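User: I'm new to reading protein models and would like to zoom in on one part. Could you walk me through a single helix and what surrounds it, slowly and in plain words?

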Amino acid sequence: MNNSNYRKKAPALLCVLAILAAMSATLTGCGGNPNEPRIVRVAHSQSETHPQHLGLLEFEKAVEEKLGDKYDIQIFPNELLGSSQKAIELTQTGAIDFAIAATANLETFADVYEIFSLPYLFANEDAYHATMEDLDYMKTVYASTDIAGFRCITWYNAGTRSFYAKEPINSPADMKGMKLRVQQSPASIALVKAMGAAASPMSFGEVYTAIQQGVIDGAENNELALTNNKHGEVAKYYSYDKHQMIPDMLIGNIAFLDKLTPEEYEVFEQAALLSTEVELKEWDKQIEEAKNIAQNDMGVEFIDVDIEPFREAALPLHEEMLDRNPAIRDLYDHIQEVNKNYEAGK
């Protein structure tokens, strides 16, 4: 598909989504003509330049090169088909076929996904990538949402999260008394409190003004927030405490996936893996570009902190979550085994 057309098509598509939800996922083109390729709709919330969109373009290319006579992949970015949560619901019903979902949004469908909110879950980025690339293991996690009507088929890097603020943070002691924006996640709130700061959950779109007006002192996210959302204009210190490494997931409607032939399923699965390869490379590239812009054009100072005091403050949260949510125990133990291979690189 020429993706420049989706903005024109979106309003009309939104009008028929409710109808599509009640129809079989095996419908072909808009008119249901069996001689036309079956339209496969993919939704996400990022822009056309974001690594995830670039990865999905590879997904589209790979599927259509082999199955273009049967399937027409159409990608809808920028929440054109609704919010991330709405996109999950539409994927459940089959109104759309694939969507990118944050693991925090998947927690309500499968408790195991709560583990990714746990601070210092991975020894480092290498352990994080090794865990996510262990397909034999991760497929058991991906299948945990089958009963909810969708299945994860691959992952995308959503970055390593660190704290940034108006004042430098070199250790947890510097955070005492600060007010920091966090996601609406119990684990994220508990992390900030463990550091001696006050957690302020709020919409991400409110963060710039809140820092600017002194409502909060800072926030936590990856480096793209400094440039794409201009937070580097109001928060001049970014501290690499690396407290969370969180993936996003590409989910597919289970009825659509189950009706694919084994050969077709293999094509879609391999296309998804190719999209991850592209996304990972683009992510690293864009993070470096964001850091250069923030540092050289916005005057942000990047601080390489000693991570151990932050990790030690957060470790009690591990047992608390494990006691509260036994569903994460197996994946947690698996990750600890992976971590052993990378701990020297902390």
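Analyst: Let's take helix 14 as our part, then look at its neighbours and a pair of rings. First, some housekeeping: this is a predicted model, where local features need pLDDT of at least 70 and side-chain atom pairs count only at pLDDT 80 or more, while totals for chains, interfaces and linings use all residues. Residues are numbered from 1 along each chain as its sequence is written, and side-chain values use heavy atoms, with hydrogens and water left out.

Helices here are DSSP runs of H or I with at least four residues, numbered from the N terminus. Helix 14 covers residues 329-340, so 12 residues. From its first C-alpha to its last it reaches 17 Å, close to the 16 Å expected at 1.5 Å a residue (the expected span is 1.5 Å times one less than the number of residues).

Now, which residues of helix 14 are buried? They are Leu 331, Tyr 332, His 334, Ile 335, Val 338 and Asn 339. Buried means under 20% relative accessible area, exposed means over 50%, and partly exposed is in between, using a 1.4 Å probe and protein chains only. Looking down the axis of helix 14, those buried residues fall within an arc of 160°, so they line one face of the helix. That arc is taken from the directions from the helix axis to the C-beta atoms. On the other side of helix 14, Asp 330 and Lys 340 are exposed.

What do the buried residues of helix 14 pack against? Their partners are helix 5 (125-132), helix 6 (135-142) and helix 13 (316-324).

Helix 13 also packs with helix 12 (residues 307-314), at an angle of about 30° and with the axes 4 Å apart. Axes are lines fitted to C-alpha atoms, for helices over the stretch in contact, and angles run from 0 to 180 degrees between N-to-C directions. Helix 12 brings Glu 312, Ala 313 and Ala 314 to this contact, and helix 13 brings Pro 316, Leu 317 and His 318. Contact means heavy atoms within 4.5 Å.

Finally, the rings: Phe 122 and Tyr 128 form a tilted aromatic pair, 5.2 Å centre to centre with 50° between the planes. Rings of Phe, Tyr and Trp (its six-membered ring) pair if their centres lie within 6.5 Å; planes under 30 degrees apart count as stacked, over 60 as edge-to-face and the rest as tilted. Both Phe 122 and Tyr 128 are buried.

Note on methods
Helix = DSSP H or I, 4+ residues; strand = E, 2+ residues; numbered from the N terminus.
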